[in-house]
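Please study the sequence and the model displayed below before attempting the exercises. Each exercise is followed by a worked solution.

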Amino acid sequence: MMKSSTVRLCCAICVLLIPAFLFSPLLPSTAHAEDDWLFAPYLRADLGYSIMVDDKAEFDDPIERDSIEMTSHKGSRYQIGAGLKLTDYLRTDITVSHGSRLSAADDYRDADGIPNKTGNKLNSGAFETSNWTTMMNVYVDPLSFAGIDLGAFSPYVQGGVGLARNKTEKMFFVNDNDSYTIGDTHNDLAWQIGAGVGYAISDNWMLDMSYRFIDMGEARGGDKFINSAGTVTSVEPARFDLRAHEFMVGLQYQF
């Protein structure tokens, strides 16, 4: 798992460095830059839809090693944030977002590979996941930078890094007298990269539409299995990645 965390950290650093690397040779001189800085604050609110990337979780239950197919559920994203428009082509903000019902356990297989045997059928919403993400983002409008005026439209590329808090619910076994594995909450590194377009409705209001790929790090099941008699058994926590394609639409108010 240390290797996985290191890879995520490297990806997150690259997300922030790529725009700087691409555009740094073209940045204006210090003398000219003083006239370009805007430092205009803005607020934002967004709604989105998440299409999760399926993943598999493996763990040891009280009897043998099992696997769970984690599949897309009904995902939604709610986001608010505040930022600064630094120049006509560069801005940055900090966002806080919540994703609900992102994914859930769908197919449970024992080590023999047989799915959903009588004792293993899962209740609807087993290991259902939700996510809170706090992220710092950078946006670059390459056309504006190049001096191309599209009027009210402003296309951009984006990248960001932050912290994710991922929560899983209990995983109930329908045909096993309501035995279940507890859920868990896990904090991890998050990063995102994507593109979008803004449309200036007025001098202060901007309509924003975007796509992003977001990696919310790892989610985990709990380490306790409880049967119908109340007996508690320690198990290896199920672990799986939370990654999604997200489509967002929102409004920005620039002061």
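The exercises below treat the chain as a whole, its strands, its core and its cavities.

The model is predicted, with local features requiring pLDDT of at least 70 and side-chain atom pairs pLDDT 80 or more, whereas totals for chains, interfaces and linings use all residues. Residues are numbered from 1 along each chain as its sequence is written, and side-chain values use heavy atoms, without hydrogens or water.

**Exercise 1. Describe the protein chain in outline.**

Step 1. The chain contains 3 helices and 15 strands; these are DSSP runs, H or I of at least four residues for helices and E of at least two for strands, numbered from the N terminus.

Step 2. Of the 255 residues, 41% are buried (under 20% relative accessible area with a 1.4 Å probe, protein chains only).

Step 3. Consider contacts (heavy atoms within 4.5 Å) between residues at least 6 apart in sequence: 74% of them join residues at least 24 apart.

**Exercise 2. Trace the pairing of strands S4, S5, S7 and S8, and explain why S5 is described as largely enclosed.**

Step 1. Strands count as paired if DSSP finds at least two bridges between them. S4 (residues 75–85) and S5 run antiparallel and are joined by 10 bridges. They form a hairpin with 4 residues between them, and Gly83 faces Asp93 in S5.

Step 2. S5 also pairs with S7 in the antiparallel sense, again over 10 bridges. Here Thr92 lies opposite Val138, and Asp93 lies opposite Asn137.

Step 3. S7 and S8 are antiparallel and are joined by 12 bridges; Thr134 stands opposite Leu163 in S8.

Step 4. In S5 (residues 90–100), 8 of the 11 residues are buried, so the strand is largely enclosed by the rest of the structure.

**Exercise 3. Identify the largest nonpolar core and the surroundings of Met70.**

Step 1. A nonpolar core is a set of buried Ala, Val, Leu, Ile, Met, Phe, Trp, Tyr and Cys residues joined through side-chain atoms within 4.5 Å. The largest has 19 residues, and those with the most contacts inside it are Ile68, Met70, Ala105, Phe127 and Met216.

Step 2. Strands S3 (65–72), S12 (205–220) and S15 (239–254) each give two or more residues to this core.

Step 3. Leaving aside residues up to four places away in sequence, Met70 touches several residues, including Ala105, Phe127 and Phe240.

**Exercise 4. Compare the linings of the cavities.**

Step 1. A cavity is a set of points, on a 1 Å grid over the protein atoms alone, where a 1.4 Å probe fits but cannot get out; lining residues have an atom within 4 Å of a point. The structure holds 2 cavities of 30 Å³ or more, a volume being the space filled by probe spheres set on the points, which are joined across faces, edges and corners.

Step 2. The largest cavity holds about 80 Å³ of space. Its lining includes Arg44, Asn137, Tyr139 and Arg212. S1 (40–52), S7 (129–140), S8 (153–168) and S12 each give two or more residues to this lining.

Step 3. The second largest cavity has a volume of about 40 Å³. Among the residues lining it are Asp54, Met70, Ser103 and Phe240. S15 supplies the largest share of this lining, 3 residues.

Step 4. By class, the lining of the largest cavity has 3 nonpolar, 6 polar and 3 charged residues, and that of the second largest has 5 nonpolar, 2 polar and 3 charged residues. Ala, Val, Leu, Ile, Met, Phe, Trp, Tyr, Cys and Pro count as nonpolar, Asp, Glu, Lys and Arg as charged, and the others, Gly among them, as polar.

Conventions. Buried means under 20% relative accessible area, exposed over 50%, partly exposed in between (1.4 Å probe, protein chains only). On a 1 Å grid over the protein atoms alone, a cavity is a set of points where a 1.4 Å probe fits but cannot get out, and a pocket is an open set with protein on both sides within 12 Å along at least five of seven lines; lining residues have an atom within 4 Å of a point.
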